[in-house]
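Open the model in your viewer and keep the sequence panel beside it. Each stop below tells you what to select and what is there.

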Amino acid sequence: MLKRFTEDCAERLRGAISEAGGNEVFATGRLDSEGRVVSVSVTARGNKGAVPAVYGLDGDGMPDVLIHNHPGGFLSPSDNDLLIAARAAEDGIGSYIVDNGVSRVYVIAEPVRGKKQVKLKADAIIAQLQEGGAIAKRLPAYEVRASQLDLMRVVIKAFNEDSLAAAEAGTGVGKSFAYLLPALSFAALNSERVVISTATITLQQQLFEKDIPLVNSALAKPVKAVLVKGRGNYLCRRRLGDMLNQRQLDLDFIGAEKDFASIVEWASSTNTGSRSDLPFVPEEALWARVCSDADNCMGMRCYAREDCFVMKLRREAADAGILVVNHHLLFADLAARREGAGYGGTVVLPPYRRVIIDEAHKTEGSATSFFTGQFSSPGIFRQLARLFRRRGAQNGGLLVRLAAFLPAGAGEEDGADWQAETEAVRDAVEELNTQALELCGDSVFRLIPARETLIAERLLPYIEKTRRLLLRFTGKVAALVEAVAGKASEEGPGGGTARDDLIWELRAALRRLQKLCGVCSVFIEYQDHPLEAVWIERRRPGRAGAPYPGGKDWALFNTAPVSIAEQLKEALFQANRTVVCVSATLTVSGSFNYWASRTGIERAKDPEGGAKDVLYGVFPSPFPYERAVLTAVPADAPDPNGRDFQDFVNEAVFRLAEASGGSALALFTSFESLYAAYGSAAPRLQAIGIRCLKQGEDDRSRLLRAFIADESSVLFAADSFWEGVDAPGATLRLVIMCRLPFKSPNDPVFEARSESIEREGGNPFMDLSVPEAVMKLRQGFGRLVRGSGDSGAVVILDSRLLRKRYGSLFLKSLPKTRCCFESLDTVVSRVLF
C-alpha cells in the first residue's frame, strides 16, 4: 500500500472516509516523482454503494489520479467505475479503488507519469541575441537591446518556474524574438507543445513565415511549427459537392454563380483549401455554404475525410511543437475544455500547457467577443432556407431531400406543409425585426429593469412568439428526422450513406436553430441575467450582398458577459502551467492594475490554493523619443463637447497636414467627425498636391498600401486604425488624434460594466473609462515611431489633457518626448518639416 500512498496521505484519506460515516468518498490525488500519492482532495461524498465522480481543473491542471473507496471491502470495479476510469485515462489520469482502511488498493488504470522538466539555461539562450550570437548574426544591422534581453529573462523564468507573466514591451524592443527563443528552446528540450496566440493575421504571418524559421535555423534541434486558423477559413469538399448537386436552386438563392464556378475550379488545384489562398474575395453567403463548419462536420463518417483540409491541418498540428493561432481560436478551445471536453486530448487544438499571448491588450475584448450570443432575421432566414425554400414551382432544401427516405405512413402530419411552417416563422421574425428597429431608433436599445414596462409591451410578445414558432418548427423537423433515423436503425448497416449524411446535416441545422432559441430565452428572461449585457442594435446594409433581403435595415440581438475575468482565470491562467502575456500597451501610468483586474490573472490559484506567481515587467522602447518626437496639445482648443469644437478640428487638421506636407494619419473617435474634417480639409489639401484617403472608400489593406506608397498622403481614419498601422520612415511623420478615445457611454457592454463597477462601490469613470482610453491613446501614439530612424510629431487636439486632473494619467502613460502645450499657431509652427 505504501508504494501507492505516503503514510501521511493514507491517514488523511482514512480520516475523510471516517468523517463520511464509512460511506463512499471520491477524491483526487497528486503523485510525487516516485509515483506515490502525496496529496488528496476530497471532492464528493456518497452512500454505501455510490458516490459522484467529481473532478476537474485545480490550480495545477487536472489531477494525476482518481480515488474512491468500496465500504464493503470488495474492490472489483463496477461498470460505472470502468466507464469513469476509461474517460479519465484519455487525459492520462489514473484510477484507484481502496478499502475503508486504505490498506488495500485496486488499480483500474495506471496514471501517466510525467517526465522531469528540463530547465532552460538562461545565459545560453540570451547569448544568442548578444553580439556575435547565433540569432544576432542572422539579423542584418542588428543592435543589442538591453530591454529585449531583460524581457527574455522574464519569459525564461516563467517557463522554468511554471509561472504567469505580463510584460509591456515598447515599440522596437523586439518582443517576438524575446519569447520565441525561450518557447522554441523549451519545446525542443521537453517535447512539450507551446501555443502562441496573436490578435492579427499580420503578426501571425510574420511569426510563422519569418521569425520562427529564423529562430529554428539557429537551434540544434529545430521545432516543427504549424499555423492554425479557424475551420471556417477552409473549404469543405463534401459541402462543395452538395452544392454542386443542388446547384441551380442554391445559387439562385445566394446569387453567386460566377464565384461558385471559380471556387470549384480552385478546389481542384489548391493544396491548403485556405480561403486566404483564393485569388478573389468570395461573397460571405457563398463561402458560408462551402466552408468547413463544426456543426456540419461528419468527422470519420465523411466520404471526403481523406482529402479533408481540416483533417490534414489537425494531423500536422498533432506532432507540432509550436502552434501559431489567433485569439478567437484559442478562446474557442479553452471554452470547450472548461465546459467538459478535458485537457488531455484534442479539442479545437491539440493539448498544451504553455501559452504565449501576443497583443495581450486585446485579451478581454477577444474573449468577450467569443462568448457573445447573437441572432438576427437574416441569420434565421438563412437557416430556414437551408431546410426548405421555394423558387417558382421548385422546392429545395434538406427537408425536400429527406422526403425520399420517409418511412411508410410518415409525412402526412409530420412533414406536411413546410412552406406554411417556414412562412409562419418568417412572418414572426419580420414582426420582431420591425418592433426591434422602432425601439433602437438610430442606434441601440439595451434591456434594463428601468424599461421593464416598455420591453414587456413592445418587445417580449414578439420574441416569445418567434421562439414559440421556432420551437414548434424544430420539434416537427426533429420528429421527422428521428422517424427516418429509427427506420435506418431497424434496417441496420448498409442503409445508405446519403441518408445518414442528410440526417447528420439536419441535426446540425436543428442545433443552430435551437441555439438561436436559447438566445431568445436570455432576452425573455433578461432580468434573471444581471451578469450579461442584453441589447439590440440597428444594422444597415453595406456593400452589395448585404445580409438582409432587399437591402433593408435589420436588428441584431446580442448578449455578452459583463466580466470575462472568471472564465479567463479558470480556463487560461489556472489551467496552464505557463502563460506569458505580451503587448506594447498593458499599463496605465506604469501600473498593470487595470489590465490585470479585467483579465483575472491575479485571481489564479496554485495547487495549494495560494495565489499563483505572476511576473510583471515594463521594458521600454530603445527608440530616442526625447530627441525624435514632439508631443503637442493646442492649449487654445475649445472644449470637445462644445459646438465650435468640430470647426476647430477641421481647421487644425488642414493646417497641420499642410505644414507637414502630408505624411499624416488623422485619427477620429467617430465617423461623423471624420467625414466633417475630410469634407473640409481634403479639397484644400488636394489643391496643393496632398492626396487624401478616407476610411471606407476601400478595404483596409488596400487603403494602407495606398497610404504607404504615397509619402505625401494623408489618411483620415477611425477606430480600427488606432492600432495595427505600420508605416515606417517618411510615409508617416505626423499623427493627429482629434479627441481622447473615450468609449461611447451608450455602448451596451461598456454601460453594463460601468454599472457593475458602481454597484461594487467603484468609480466607473476612473476605474474603466479613463484606463481604457489611456490604453487606446497609447496605441494611437505608437503609430508614429516604428523604426530607430523615425521621427515626427503627435498632436492631440483635446485640451482636456491640460485642463482636467485625469489628463496627467494620459501624459504620464506616453513615452518621454519634447512637448508643446501652447496655441494652435505655435503647434503648427513646431511641426513644420
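In which loop is aspartate 162 found? Select aspartate 162 and display its backbone: the residue sits in the loop between α4 (146-160) and β6 (164-169). Keep in mind throughout that this is a predicted model. The phi angle of aspartate 162 is near 50 degrees, a positive value in a residue that is not glycine. Most residues other than glycine have a negative phi. With a relative accessibility of 26%, aspartate 162 counts as partly exposed, because the buried class ends under 20% and the exposed class begins over 50%.

Next, select serine 191. This serine is in the loop between α5 (175-190) and β7 (194-198). Serine 191 also has a positive phi, about 50 degrees, although it is not a glycine. Its relative accessibility is 57%, so serine 191 counts as exposed.

Now turn to two buried residues. Select serine 95, which lies in strand β4 (residues 94-98). A relative accessibility of 5% makes serine 95 buried. Show its surroundings: beyond its neighbours within four places in sequence, serine 95 is in contact with Val65, Leu66, Ala85, Tyr106, Val107, Ile108 and Ala109.

Isoleucine 126 is the next selection, in helix α3 (residues 122-126). Isoleucine 126 is buried, with a relative accessible area of 3%. Not counting residues up to four places away in sequence, isoleucine 126 touches Leu149, Met152, Arg153 and Ile156. For a distance exercise, draw a line from the C-alpha of isoleucine 126 to that of arginine 305: they are 45 Å apart in space and 179 residues apart in sequence.

The next stops are pairs of helices. Two packed helices are described by the angle between their axes and the distance between the axes. Select α7 (residues 237-245) and α9 (residues 257-267), whose axes come within 12 Å and cross at roughly 135 degrees. That angle makes α7 oblique to α9. Their crossing is left-handed. Show side chains for Arg237, Leu240, Met243 and Leu244 of α7, and for Phe260, Ile263, Val264 and Ala267 of α9, which make the contact. Seven of these residues are nonpolar, none is polar and one is charged.

Compare this with α14 and α16. Their axes are 10 Å apart, at an angle of about 175 degrees. α14 and α16 are therefore roughly antiparallel to each other. From α14, Ser377, Ile380, Phe381 and Leu384 meet Thr422, Val425, Arg426, Val429, Glu430 and Asn433 of α16. By class, this contact has five nonpolar, three polar and two charged residues.

Which residues touch the most other members of the largest nonpolar core? Select Ile536 and Phe557, which do so among the 50 residues of this core. The elements giving two or more residues to the core include α14 (377-387), α16 (418-440), β15 (532-539) and β16 (554-561). The largest share, 13 residues, comes from α19. In soluble globular proteins, nonpolar side chains tend to be buried together. Stay on phenylalanine 557 and show its contacts: outside the four nearest places in sequence, they include Phe375, Leu432, Ile463, Phe523, Trp535 and Ile536.

End at helix α20 (residues 565-573), where seven of the nine residues are buried, so the helix is largely enclosed by the rest of the structure. The buried ones are Ala565, Gln567, Leu568, Lys569, Ala571, Leu572 and Phe573.

Conventions:
Residues numbered from 1 in each chain as written. Predicted model: local features only at pLDDT ≥ 70, side-chain atom pairs only at ≥ 80, totals over all residues. Heavy atoms only, no water. Core = buried A, V, L, I, M, F, W, Y, C linked by side-chain atoms within 4.5 Å. Buried < 20%, exposed > 50% of the residue type's maximum accessible area, 1.4 Å probe, protein only. Helix = DSSP H or I, 4+ residues; strand = E, 2+ residues; numbered from the N terminus. Contact = heavy atoms within 4.5 Å. Axes fitted to C-alpha atoms, helices over the stretch in contact; angles between N-to-C directions. Parallel < 35°, antiparallel > 145°, perpendicular 65-115°, else oblique. Left-handed = near helix turned anticlockwise from the far one by under 90°. Nonpolar A, V, L, I, M, F, W, Y, C, P; charged D, E, K, R; others polar.
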